[in-house]
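New notebook page, new structure. I want to get my bearings here and jot down whatever I look up.

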Amino acid sequence: MPTAILTGQPVPGSSIEGDLRSLGFDVRTASDAAEAETLLAGVPGDERVALVDARFVGHVHALRLGLTDPRFPLAAIPGAVTAQSAGRQALTRAMARENSAGGGTTLVESLADRILTALDADGTDVHRPELGSLVATVPGDPQARNEARQAVADVDDEAVRLKSAVKSRDGFFTTYCISPYSRYIARWCARRGLTPNQVTTASLLTALIAAACAATGTRGGFVAAGVLLIASFVLDCTDGQLARYSLQYSTLGAWLDATFDRAKEYAYYAGLALGAARGGDDVWSLALGAMVLQTCRHVVDFSFNEANHDATANTSPTAALSDKLDSVGWTVWVRRMIVLPIGERWAMIAVLTAVTTPRITFYALLIGCAFAATYTTAGRVLRSLTRRARRTDRAARALADLADSGPVADVLARILRKLPAKPPFGARFLIALPGAVLLVLTAALEPYGSALPVAAAALYALTSAAAVALPLKGALDWLVPPLFRAAEYGTVLVLAAKADVDGALPAAFGLVSAVAYHHYDTVYRIRGNAGAPPAWLVRSIGGHEGRTLLVTVLAALLTASQFTLALTVLAVAVALVVLVESIRFWVSAHKGGAPAVHDEGEPA
């Protein structure tokens, strides 16, 4: 149980002790700084502890934001400071300094604020939440106290809490069609002790049932699938709102939320393809194409953000124009909608599933996502070319991890590191581009069983290695990971389609799903500051160039039916390896007390 140490002169009629207990704190009282230090030392090092001025006046939610958020080792609001285990040493050091300065023999007055000043003087990072209209103050006299209490009464604490549970930036459909009521579902869940992870799991189960309904291939099944997909999205919004409403953030929760979003959407694609097959229409190539396109869109987002989030001189005329357009109200919503974020996309899929056919649904999805991908990628290319940002070593490392280079590329890269770093060899994306394009074109133009795709894959491995031989710090080097994704996934799709036998495309869908999971997992590890997946994992599943080379060799040596079986075996093998390692890692990180995070999720 967390401990709150009340310091300073008690105030008759104050609700602070009851407020702290309502937030789950064990409340203790210190008469002076020396006693406060003694109480602080007696709190177990793995428990949260807070120092709160007994004169504090403010909203309970202000205390909740300042003292219970699990994401920050140290946090403070006026009159209160808190530390988790990672911040205890800094807090103890600041407390000892206060006592050595002579504060241990007098009544403790504003000790929490003095401790905060000492922490700031040390250069310690202390989180200060945005309180907005919420009140948090330490009045110095009765009149100020009465004014503060009136200010508390004038603001509806619960209304502010509900409003802050909703993401500040979201799509039009989510903002106006889901969040106005999903926040109340989040509150209902909080009052019944449900956790965000439970709601996330419910959202996944609902989406899987929706996929099963779509797989029936009946009109009733399609209608039910559309309704359930929207219900799943409501729950998907609810879990994040519940996390913000109750401040239940966790490393495991962020991973589940992000991973399940992808699992839900791609499982639904598979359900639509199965349903269409029951009606005599084979749309597996469209389903796989939609998954490839959507995954590549996400990798573009991830790579661009990783390349630029800590870059210096990170401005450009294009970015300035974008900011200017955002100042015009209606353009904000138009620009958010045309990128087809998850809310708009799922709404479109649900409606089209209910009233049309899977083929029409996939056509609309592919056209919409292709336009969105072109729009966002073109804008980011323009930003990259017009800004003079200097990329950091951390950004280059993240891009290299996202590239997912295997043992073949690693060996070749060691040989190719002597390439000059100046253009044209300095443009790493331009080095990788010819090999990737030639690979996919060869696979598409040659008949099934041809050996030319194998040669193209060997060239692709060479150009891929050359691209990552030096740090990815060029203006367009963030395009390297999505280029690798498009080449690998596209090759699998084309070769499976060329096989032209039942089961080849579903097997390819399974393989790309397993590999895409690995690539998403890499992103979430990097975002959570957990580093890339272990080198043994990347080597064991071959890296992008190794898998691509293997698939082309299998297509050249095996019959179409044997190739289908090989893809299935490969999909199962990759899935087992990456899932077992991923689950082991995230559960261990959660149990090991990894810092809590909350990923707002990619809007696309």
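Entry one, a strand pair. I started with β3 (residues 49-53) and β6 (residues 80-83), which are joined by four bridges and run antiparallel. I picked one residue to follow across: Val52 has Ala80 in β6 as its bridge partner. Worth remembering while I look: this is a predicted model.

Entry two, the whole sheet. Which strands form the sheet, and in what order? I count along β2-β1-β3-β6-β5, five strands in an open sheet with mixed pairing. At the edges I find β2 (26-30) and β5 (74-77); each has a single partner strand, so one side of each is left without a neighbour in the sheet. I also looked up the twist: on average, neighbouring strands are turned by 20° against each other, direction ignored.

Entry three, helices on the sheet. Helix α2 (residues 33-42) packs on the sheet and touches β1 (3-7), β2 and β3. The direction of α2 makes about 150° with that of β2. Helix α4 (residues 88-100) packs on the sheet too, touching β3, β5 and β6. For α4, the angle with the direction of β3 is about 40°.

Entry four, a pocket. I went to the second largest pocket, which holds about 550 Å³ of space. What lines it? I get 23 residues, with Arg397, Ala400, Asp401, Ser405 and Asp410 nearest the centre. α17 (393-403), α18 (407-416) and α23 (535-540) each supply at least two lining residues, and α17 gives the most, with six. By class, the lining has 14 nonpolar, eight charged and one polar residue.

Entry five, how far to trust it. The average pLDDT for the protein is 90, and 92% of the residues score at least 70. Residues 104-108 fall below 50, though this stretch has 15 contacts in the model beyond near neighbours in sequence. Note to self: where pLDDT is low, the predicted coordinates should not be read in detail.

Terms used. Residues numbered from 1 in each chain as written. Predicted model: local features only at pLDDT ≥ 70, side-chain atom pairs only at ≥ 80, totals over all residues. Heavy atoms only, no water. 1 Å grid on protein atoms, 1.4 Å probe; cavity = no way out; pocket = protein on both sides within 12 Å on 5 of 7 lines; lining within 4 Å. Points joined across faces, edges and corners; volume = space filled by probe spheres on them. Nonpolar A, V, L, I, M, F, W, Y, C, P; charged D, E, K, R; others polar. pLDDT = per-residue confidence, 0-100. Contact = heavy atoms within 4.5 Å. Pairing = 2+ DSSP bridges. Axes fitted to C-alpha atoms, helices over the stretch in contact; angles between N-to-C directions.
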